[in-house]
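Work through the exercises below with the sequence and the 3D structure open. Each task is followed by a solution in steps.

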Amino acid sequence: MNLADLYRDLHQHPELAFAETRTAAVAARELRAAGFETTEGVGGTGVVGVLRNGDGPTALLRADMDALPVLEKTGLPYASTAVADREGERVPVAHACGHDVHVTCLIGAARRLAAQREGWRGTVLAVFQPAEEVGGGAEAMVDDGLFDRFGKPDVVLGQHVAPIPAGFLGVRPGPAFAAADTVRVVLHGRGGHGSRPEAAVDPVVMAAATVLRLQTVVSREIAGGDTCVVTVGAVRAGTVANIIPDDAELLISVRSYDPVVRTRALTAIERIVRAEAAASGAPRDPEVTVLSSFPAAVNDAEAAERTRAALAGVVGAERVVDPGPVTGSEDVGVFATAAGVPLVYWLLGGADPTVFAGARTFDELRHVAATIPANHSPLFAPVIEPTLDIGVAALVTATHAWLAV
């Protein structure tokens, strides 16, 4: 199957975190066909392919596989109509973050590296990781003996499709992707009839006040020169209009680069939640739980420069840009930290280049990018070409930079 058709197939069949059984089977099938020693079920649904080509270093190439509980609205002929069970309810599922691009590009790179072995020496570890979106997928693979079973790499390489023009790549030394914490808050009220709020403690009002107050964490408690994002992504309470519920739930996403800033934000969130509950006369203390947490993805400076120089051979030096710190998060750094080796993780342009036709500088490109659907939008739709072709070439070329003959 050619890569474009493979991509469309993956896009039409998205799967949620730790349920990527079909996607994993496709990856395993393609790795075996290319000649990789292939193992499935690593860290749940993860897949690892090993290709040895003489003595030399080892490069780990990583792609994440999971999709999101999002209803796709792109209108594409290959749009997802998939649904899945999630926490007891049926939800739509779509590749709204572009992990189908990542899987396809790594399969393409695996094919090319296996077919053209004269240009490199060493070992390629092709890692298809589950559950990046919820965190824990990389850690699950490490905990399942990834490096004991398949060998420790000398570098970890990977890429993430982004709403910058196809034909551009973005590499940043140092902190490149933010740390991520997901916090669950349950506010306890006292239910009652909607016509008699005086006889109840309304957790909906409590939640509303808390959401508004949380907006001051970044604006009033984090220094202007520091980076932090606090987003309330879900508010759940009640069933009908005339019943005041007992409880309300908030799901909060926190992004940061500095551990001190992270601690300050999490501490402020818990203080505000408890204070708002007390101010509302809550009958008992709220529950504040960190559901998942993974650190910032930090690119090794020397490794990033080495890889950037190689990527310039793919798209031209003027099209390899520094995108600045990305407030999106990635657990790919868990692999590098666990192995004690450099990480280089870059952005792969996936947006229609014609949309950016009038832009002449990177700041202008960034301005246009802010106006088009981005990752996690139900309208996010990378263009198939040249995105796939460049994504494959970027992985292969970066691998050659580390496994040069």
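**Exercise 1. Give the strand order of the open sheet of eight strands and find its edges.**

Solution. The order is 1-2-6-3-7-18-8-16, and the pairing is mixed. Strands (E, at least two residues) and helices (H or I, at least four residues) are DSSP runs, numbered from the N terminus; two strands pair if DSSP finds at least two bridges between them. At the edges stand strand 1 (37-42) and strand 16 (320-321); each has a single partner strand, so one side of each has no neighbour in the sheet.

The model is predicted: local features need pLDDT of at least 70, side-chain atom pairs count only at pLDDT 80 or more, and totals for chains, interfaces and linings use all residues. Residues are numbered from 1 along each chain as its sequence is written, and side-chain values use heavy atoms, with hydrogens and water left out.

**Exercise 2. Trace the pairing from strand 6 through strand 3 and strand 7 to strand 18.**

Solution. Step one: strand 3 (residues 58-64) pairs with strand 6 (residues 122-129) in the parallel sense over seven bridges; Ala-63 stands opposite Phe-128 in strand 6. Step two: strand 3 and strand 7 also run parallel, joined by four bridges, and Ala-59 has Val-155 in strand 7 as its bridge partner. Step three: strand 7 pairs with strand 18 in the parallel sense over eight bridges, with Val-161 opposite Leu-348 in strand 18.

**Exercise 3. Why is strand 7 described as largely enclosed?**

Solution. Eleven of the eleven residues of strand 7 are buried, so the strand is largely enclosed by the rest of the structure. Buried means under 20% relative accessible area (1.4 Å probe, protein chains only).

**Exercise 4. Which residues touch the most other members of the largest nonpolar core?**

Solution. A nonpolar core is a set of buried Ala, Val, Leu, Ile, Met, Phe, Trp, Tyr and Cys residues joined through side-chain atoms within 4.5 Å. The largest has 57 residues, and those touching the most other members are Phe-36, Val-124, Phe-128, Leu-157, Leu-169, Leu-311 and Trp-346. Helix 3 (residues 99-115) supplies the largest share of this core, nine residues. A second, separate core of 37 residues includes Val-142, Val-326, Ala-336 and Leu-365.

**Exercise 5. Describe how helix 6 and helix 8 pack.**

Solution. Helix 6 (residues 203-214) and helix 8 (residues 259-279) pack at about 145 degrees, with axes 9 Å apart. Axes are lines fitted to C-alpha atoms over the stretch in contact (heavy atoms within 4.5 Å), and angles run from 0 to 180 degrees between N-to-C directions. From helix 6, Met-206, Ala-209, Thr-210, Arg-213 and Leu-214 meet Ile-269, Ile-272, Val-273, Glu-276 and Ala-277 of helix 8.

Notes: Buried means under 20% relative accessible area, exposed over 50%, partly exposed in between (1.4 Å probe, protein chains only).
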